[in-house]
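Grab a pencil and work through these exercises one at a time. Try each task yourself before you read its solution.

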Amino acid sequence: MKSCSEVNERISLYIDQELSQEERVQFEEHIHSCSACKAELEDILQVVELCRGMEEEELPANFKEDLHRKLLEVKIQEEKTNSSRAAMTRFIRIFSPIAACLVLVLLVRGAFLSGMFNMGKASSSAQDMMAKSEMASLAGETPENGISAKIAAPQDGDANAQLDQAAGAGEYGIGFAGETEAAARPTAEDRSQAPRLTAGAVDQAINGRVANMFVYNDSPETQVETVKTLAAANGADELQVTELKSVTLSYSITAKEKPSEGEIQLYFLVSNTRMDAFTGALTTNFNQGDVSIQPTVEQDVAQIQNALATRLVELDGKIQETENNKKTSDKESLNKLKEERARINDELDKLNCPSDYTLVSIVIQKRPE
Amino acid sequence: MSENEKVLLDRAKAGEIAAFEQLIEAYQRKIFNIALRMVGNYDDAGDLAQEVLIRIYKSIRSFKEQSSFSTWVYRITTNVCLDEIRKRKNRKVISLDEEIQVEDGEMKRQVESNEPSPEDTAEKSELQKLVGDAINDLPEDHRSVIILRDIQGFSYEEIAQMLQCPEGTIKSRINRARQALKNILQNKRELFIEDYVK
C-alpha cells in the first residue's frame, strides 16, 4: 500500500476496523510517513464523530395515535376488499349459469315468437324479462342479502337457506336452485378465513349497536391487559378516544378523554357475530359479580336522523341569513356554520350504512360502595 | 428474533393490530429518525415514517423470515424514503412562505408544525443543524449510507442487505460518502474543525 490513493480508498475501512491485520499495518506505516494522508484521516474521523454525535429525535406528538387510526382504516379496507371479492366470486358462480340459460331461453323464445306472432310484442317481453333478471341479480348483490350474509354464517344449512332466498329472488332463478347450492357451498378455505370485520368503516360501525360493560376490581389498572387480551382473542379492535370523537357518537356511550379517578375506560369494536363469544369470555374470566354486562342497545337511527335533519334545516336558514346580511357579515361564524353543515351531512351519510359491529365501552373501576 | 417477537409476528401476520403495534414499538423511533435525516424536515419525516409503518403492516405476510426482521424493516424504510426523495425531484415544492391569495387580500401561508418549540430548537447546538444540513446536501445514495452507518451504527453487512447491494459496493460507497460530507462541511464552515470540534 504505497500510493496515497490506495490509502485514501481504505480510510473508512480502517476507521471501521474492516482491514485485515496485514493491511492495517501497511496503512498505519503510510500514515506515519505522509502528512497529507494523516490530515485526511483526521478529517474523516471528525466527520464520523460529528455524525455519531447527532441526537435522536423523539417521535412527533400523536404519532402512535395517528398510526393506530391509519392501521384500523387499512385493516377495514382490506377486509372489505376481501369480502366483496369473495361475494363477487360467489355472485358470478351462482348467476352466470342462470344468466347463460336465461339468455338461451330468451333467444329461442324470442326467435320463436318473432317468427309466429307480432315481432314488437315479443321483443318487448324479452326486454321485460331481461330487466327482471337484472333486478334479481342486483337483489343478490346488495350486502344485506343472502350472499354476503352467508360469509358470516359458517353452517352449511343456514348458508344454503340464504342462498335459496337469493336465487329465489329472481323469478327465473328458482328452477336452478339445486345447482347453485352445490356451486356455492362454502369451502373449507372460506370457513377458516371467516373475516372478523366483514364490512363498514369505524365510523359507520358506531351507528348500530352499543353496549356498556363494567369490570370491578380494587386495582383497576391490573385488569386492563386481561380485558384487552380477551377482546383481541375475539377479534375486537381497540378504539382510541380521538377516533370516537371524530364520528357520530352513540347517544348511550360517552367517550371520556379523562375518566374519573380510579376508573379506566376502554372502547372496542366487536363484530356482531362475536359479541356472544366476547361476553361469554368476560363472564368466564371474571368472578360472578365482578363483571356487569348491560344489554346491547340498538340505536334508534331514525330518531338521530330526524334530529340531524332538523338541525340541517336550521343551519341552512342561518347561513342564508348571515350571507344576505352583508353589513354584519361575519366570515368566521359563517365558516363555522358551513363546517357544521358539512359535518352533519357526513354524519347523515354514515347513518345510511348498516353496521356489522357493536361499539363496546368497558369501564374498569373499584366496586361501588 | 426472540420468542416473544416471533409470537407477535405471527399474530401481526394474522392482521392483529395490537400485536403489530407491540412488534414495531422497538423500531418506530429509529424509522422516524432515519426518515428525518433522509428528508431533513420534521413534519415530512413523521408522515413518511407512518407510510413506512403502514407499508410494513400491509406486507408483513410476505416477510419470509429469511433475513432478520430488523433488516427487513429498515430495508422498507430506506426504500420508501428514497422513493419519496425521487418523487420530489420531479415536482415543484411549494414554498412555505409563499404568499397565497385569500378573499381578504394576501396573507402568508401558515404551516402547522409539530416541530419542537423554538426554545427547544435554540438549545440544540448549531453544530447539529450544520451537520444535518450537510447530510441533506449529499446525493441520496451517499446520504443513506451515512445515515445507516454513522448515525444509526449498522454494520457493513446489514447495510448491504438493507440496500440490496454487494458488500464491496457498500464499502467503497461509505468511503466516498464520508469524503463528500467532509467537503460539504468544509465548504459550509471552512474552519469547522477549529470552530466546532473541542
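Below are six exercises, each with a worked solution.

Before you start, some ground rules: this is a predicted model, where local features need pLDDT of at least 70 and side-chain atom pairs count only at pLDDT 80 or more, while totals for chains, interfaces and linings use all residues. Residues are numbered from 1 along each chain as its sequence is written, chains are lettered from A and ligands numbered from 1 in the order in which they are written, and side-chain values use heavy atoms, with hydrogens and water left out.

**Exercise 1. Describe the make-up of chain A and chain B.**

Step 1: Start with the secondary structure, where helices (H or I, at least four residues) and strands (E, at least two) are DSSP runs numbered from the N terminus. Chain A has 16 helices and six strands, and chain B has eleven helices and two strands.

Step 2: Put the elements of chain B in order. From the N terminus they go α-α-α-α-α-β-β-α-α-α-α-α-α.

Step 3: Look at burial. Buried means under 20% relative accessible area, exposed over 50%, and partly exposed in between (1.4 Å probe, protein chains only). Of the 369 residues in chain A, 39% are buried; of the 198 in chain B, it's 45%.

Step 4: Turn to contacts, meaning heavy atoms within 4.5 Å. Take the contacts in chain A between residues at least 6 apart in sequence: 79% of them join residues at least 24 apart. For chain B, residues 24 or more positions apart make up 60% of the contacts with a separation of 6 or more.

**Exercise 2. Find out where the predictor's confidence in chain A stays under 50.**

Step 1: Use pLDDT, the predictor's confidence in each residue, from 0 to 100. Chain A averages 69, and 56% of its residues score at least 70.

Step 2: Pick out the weak stretches. Residues 117-205 of chain A stay under 50, and the model gives them 115 contacts beyond four places in sequence. Residues 246-251 of chain A also stay under 50, with 16 such contacts.

**Exercise 3. Work out which strands pair with E3 of chain A.**

Step 1: Locate the strand. E3(A) covers residues 263-271, and eight of its nine residues are buried.

Step 2: Apply the rule that two strands pair if DSSP finds at least two bridges between them. Strand E2 (residues 237-239) of chain A runs antiparallel to E3(A), with three bridges joining them. Strand E6 (residues 357-365) of chain A is also an antiparallel partner of E3(A), over nine bridges.

Step 3: Find partner residues. A:Asp237 sits opposite A:Leu269 in E3(A), and A:Phe268 has A:Val360 in E6(A) as its bridge partner.

**Exercise 4. Explain what the salt bridge of A:Lys75 ties together.**

Step 1: Check the rule: a side-chain nitrogen of Lys or Arg must be within 4 Å of a carboxyl oxygen of Asp or Glu. The closest N and O atoms of A:Lys75 and A:Asp237 are 3.5 Å apart, and the two form a salt bridge.

Step 2: Place the partners. A:Lys75 is in helix H5 (residues 63-116) of chain A and A:Asp237 is in strand E2 of chain A, so the pair ties together parts 162 residues apart in sequence.

Step 3: Check burial. Both A:Lys75 and A:Asp237 are buried.

**Exercise 5. Trace two salt bridges within chain B.**

Step 1: Begin with B:Lys13 and B:Glu65, whose side chains meet in a salt bridge (2.9 Å, N to O). B:Lys13 belongs to helix H1 (residues 3-13) of chain B and B:Glu65 to the loop between helix H4 (42-59) and H5 of chain B, so this pair ties together parts 52 residues apart in sequence.

Step 2: Compare with the cut-offs. B:Lys13 counts as buried because its relative accessibility is 17%, whereas B:Glu65 is partly exposed at 33%.

Step 3: Go on to B:Arg88 and B:Asp44, a salt bridge with its closest N and O atoms 2.8 Å apart. This pair links helix H5 of chain B, home of B:Arg88, to helix H4 of chain B, home of B:Asp44, 44 residues apart.

**Exercise 6. Show how B:Asn175 touches chain A.**

Step 1: Place the residue. B:Asn175 lies in helix H10 (residues 167-188) of chain B, and counts as buried at 5% relative accessibility.

Step 2: List its contacts. Beyond neighbours within four places in sequence, B:Asn175 contacts A:Asn8, A:Glu9, A:Arg10, A:Ile11 and A:Ser12.

Step 3: Look at the side chain. B:Asn175 reaches the backbone oxygen of A:Asn8 with its side chain at 2.9 Å.

Technical notes
A polar contact is a pair of N or O atoms within 3.5 Å; within protein, one must be able to donate a hydrogen and the other to accept it, and residues adjacent in sequence count only if both atoms are side-chain atoms.
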